[in-house]
Amino acid sequence: MKHRVAGLAGSLIVLSVWQLVGMTGILGPAIVAPTEILAGVASDGVAFYGIHVPVTLASASVGYLWGNLAAIGCAALVTTVPVLEKLVLQAGIASACIPLIAIAPILAACFDGMVTSAIMAAVSVFFTTLVGTINGLRHADPLSKDLVRAYGGGRYLVLRKVELLSALPSILTALKVAVPAAILGAIIGEFMGQERGLGAALVVAQSSSDVVRTWGITLVSSLIAGVAFVFVNTLEKVVTPWAAGVAGGTA
C-alpha cells in the first residue's frame, strides 16, 4: 500500500511540474502542458484516431502473433534438437541488435502497406519470447519428464505434457513484455511512407510542426500499449494462478 501511495504521489509531482513547465514555456514550445495535450486528443477525437488506431493495432497484432509463434516454435526446436541452439540464438540476437529504423526502409522497398509494419512488430517481439520460452522449457521438472518416459511417452509427449506446461509462466511473462515492443515496431514500420496508422500520422504531425498532435499521438500510443500490457498481465494471472501464488509466497 505504501508503495502505491508513493508511486501515486510521485506521478502527481511529475505531472504538476510538467504542467507548470508547459504553461510557462520556460523550456520552449516543444514542451506542451498535459491539459493541452488532452484537449488536443479530445478535439481530434474519433474522426482522427478512428482512422489510424485500427491500422496500427492490426499490424501490431499480426506481427505479435506470428513473431511470438515463431519464437515459441524455435525454442521448442532448440530443446528438441540442441545442436541448433547456437544458430537459433544467434538469429535471435541479430534480430534484437539490428536497429529497427535501419531495416524498415529495406522492408518497405520489398513489401507494400501493412506487411512492413507487421514484420517490424514480429522482429521486435521475437528475441524476448525466444529467450523466455527457452528458459522456461529448461526448468521443467526432471522427475515429471522421467515419469512420462517411464509410461512410454516420447520426446513430443514430454514437450507437450511437461515442458510447455512448466514454461507457461515464463512464456506469458515474455508475451507481456513483448506487447509494447510490437506496438513500437508497428509504428516505426508505418514511418515508411504509409498513409494510415499512428506512425504515419506522427510523421505528418512532425512535418507540419503540430506539437500538440505529436504529443497526443504519443500519448494515445502509450495508452494502447499500457492497456494491452494490463490485458496480458491479467491473462497471465488467470492462466497460471499457481505461478502468482508462488511469487506471492516468495515475496
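## Where the two domains meet

Let's start at the border: no salt bridges turn up across the interface of domain 1 and domain 2. Keep in mind that this is a predicted model. What the border does have is two residue pairs in polar contact, with both at pLDDT 80 or more. On the domain 1 side, the residues touching domain 2 break down into five nonpolar, two polar and no charged ones.

As for contacts in general, seven residues of domain 1 meet seven residues of domain 2. Together the two domains bury about 560 Å², and carbon and sulfur atoms carry 61% of that. Within domain 1, the residues that lose the most area to domain 2 are Trp 18, Gln 19 and Ala 30, which together make up 74% of what that side buries.

## How the chain is split

Domain 1 covers residues 1–30, and domain 2 runs over 32–241. Going by C-alpha atoms, their centres sit 30 Å apart.

## The overall build

If you like helices, here they are: the protein chain has 10 of them and zero strands. Reading along the sequence, you get α-α-α-α-α-α-α-α-α-α. Measure out a box along the principal axes, and the C-alpha atoms fill roughly 70 × 50 × 30 Å.

Of the 251 residues in the protein chain, 37% are buried. Now take the contacts with a separation of 6 or more: 74% of them link residues 24 or more positions apart in the protein chain.

Key: Residues are numbered from 1 along each chain as its sequence is written. This is a predicted model: local features need pLDDT of at least 70, side-chain atom pairs count only at pLDDT 80 or more; totals for chains, interfaces and linings use all residues. Side-chain values use heavy atoms; hydrogens and water are left out. Domain bounds come from an automatic or database domain assignment. Contact means heavy atoms within 4.5 Å. Buried area is the accessible area (1.4 Å probe) that two parts lose on being put together, summed over both. A salt bridge is a side-chain nitrogen of Lys or Arg within 4 Å of a carboxyl oxygen of Asp or Glu. A polar contact is a pair of N or O atoms within 3.5 Å; within protein, one must be able to donate a hydrogen and the other to accept it, and residues adjacent in sequence count only if both atoms are side-chain atoms. Ala, Val, Leu, Ile, Met, Phe, Trp, Tyr, Cys and Pro count as nonpolar, Asp, Glu, Lys and Arg as charged, and the others, Gly among them, as polar. Helices (H or I, at least four residues) and strands (E, at least two) are DSSP runs, numbered from the N terminus. Buried means under 20% relative accessible area, exposed over 50%, partly exposed in between (1.4 Å probe, protein chains only).
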